[in-house]
Amino acid sequence: MDAKPTEISSSKMFGGYNRRYRHYSPTLGCSMTFSVYFPPSPLPSHKFPVLYWLSGLTCTDENFIIKAGAQRTASSEGVALIAPDTSPRGLNVEGEADSWDFGVGAGFYLNATQEKWKNWRMYDYVVKELPKLLSENFPQLDTSRASIFGHSMGGHGALTIYLKNLDKYKSVSAFSPIANPINCPWGQKAFTNYLGSNKADWEEYDATHLISKFHNVSATILIDQGEDDEFLHGQLLPHKFEEACRAVNVPLLLRLQSGYNHSYFFIASFVEDHIRHHSQALRLP
């Protein structure tokens, strides 16, 4: 199986190109797809910084690329967008598709330790395999200049990956992230199945817990949260993260957006701010 990415679609947009690729992932043990938006290039030798987008439950690599309208600002700012999938696929593990909030489309950006789910290693895929694949196959991408953002489960992924890898990413932001998963039903279900019953293992993938350990944050953390989000109080818990940031003096801009829900309509409304937030950080030496 070819670990080199094969292009499966290409569409021009705002002078650049949305391109989708398939490759075999040794980390996950299956074939994976990912999408890239390449902005228009001023010179053939120009290298773009990269901005990784991590999607939420049930999504693929396509949701953000199709729905968020991020390409307009990415094009003008000269930032490449990278959207991986949300879990391994096609492994046919028993029960992998029984529920929408666990298994396929619900990788939670962690490395599972339970034998049954041993292929669910989205943390290593996003942090290690994908950047290496990009740098080896796309000379126009400068993966040493990288930032990360995401939505819901992907917001959780972006925050936890950023905090544990402050040397690898210049900035982080999130839309309606699952900010304290050890204290919400989605997180408890995922962590019990992927990581087992030891709560100390869960804390390694909880942004509210991690911020107390990894708080040497240079760029302000930006979070947008819709006030009409049906998951705000039961699942997302951004105020727990806000309290934890305040306790260690981490710069956080948590914007509660009146009337907005959990959907891509919300993301599309504020994605420009997020891309500019990252573009600014990516331009710093």
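## Exercises on a predicted chain

The protein chain holds 10 helices and nine strands. Keep in mind that this is a predicted model.

**Exercise 1.** Find out how the radius of gyration of the protein chain stands against that of a compact globule with 285 residues.

*Solution.* Start with the rule: 2.2 Å times the number of residues to the power 0.38. For 285 residues this puts a compact globule near 19 Å. Next, take the value for the protein chain, which is 18 Å, so the two agree. To picture the extent, place the C-alpha atoms in a box along the principal axes: roughly 50 × 40 × 35 Å.

**Exercise 2.** Work out what share of the residues is buried and what share of the contacts joins residues 24 or more positions apart.

*Solution.* First apply the cut-off, since buried means under 20% relative accessible area. By that count, 56% of the 285 residues are buried. Then take the contacts with a separation of 6 or more: 70% of them are between residues 24 or more positions apart. Finally, turn to the surface, where carbon and sulfur atoms own 49% of about 11,700 Å².

**Exercise 3.** Phe14 and Tyr109 each have a positive phi. Locate both and decide: buried, partly exposed or exposed?

*Solution.* Begin with Phe14, whose phi is about 50°. Phe14 sits in the loop between strand E1 (6–13) and strand E2 (16–25). Its relative accessible area is 38%, so Phe14 is partly exposed. Now take Tyr109, with phi near 55°. The loop between strand E5 (80–84) and helix H3 (122–137) contains Tyr109. Here the relative accessible area is 0%, so Tyr109 is buried.

Notes. Residues are numbered from 1 along each chain as its sequence is written. This is a predicted model: local features need pLDDT of at least 70, side-chain atom pairs count only at pLDDT 80 or more; totals for chains, interfaces and linings use all residues. Side-chain values use heavy atoms; hydrogens and water are left out. Helices (H or I, at least four residues) and strands (E, at least two) are DSSP runs, numbered from the N terminus. Buried means under 20% relative accessible area, exposed over 50%, partly exposed in between (1.4 Å probe, protein chains only). Contact means heavy atoms within 4.5 Å. Accessible areas come from the Shrake-Rupley method with a 1.4 Å probe; for residues, only the protein chains shown count as cover.
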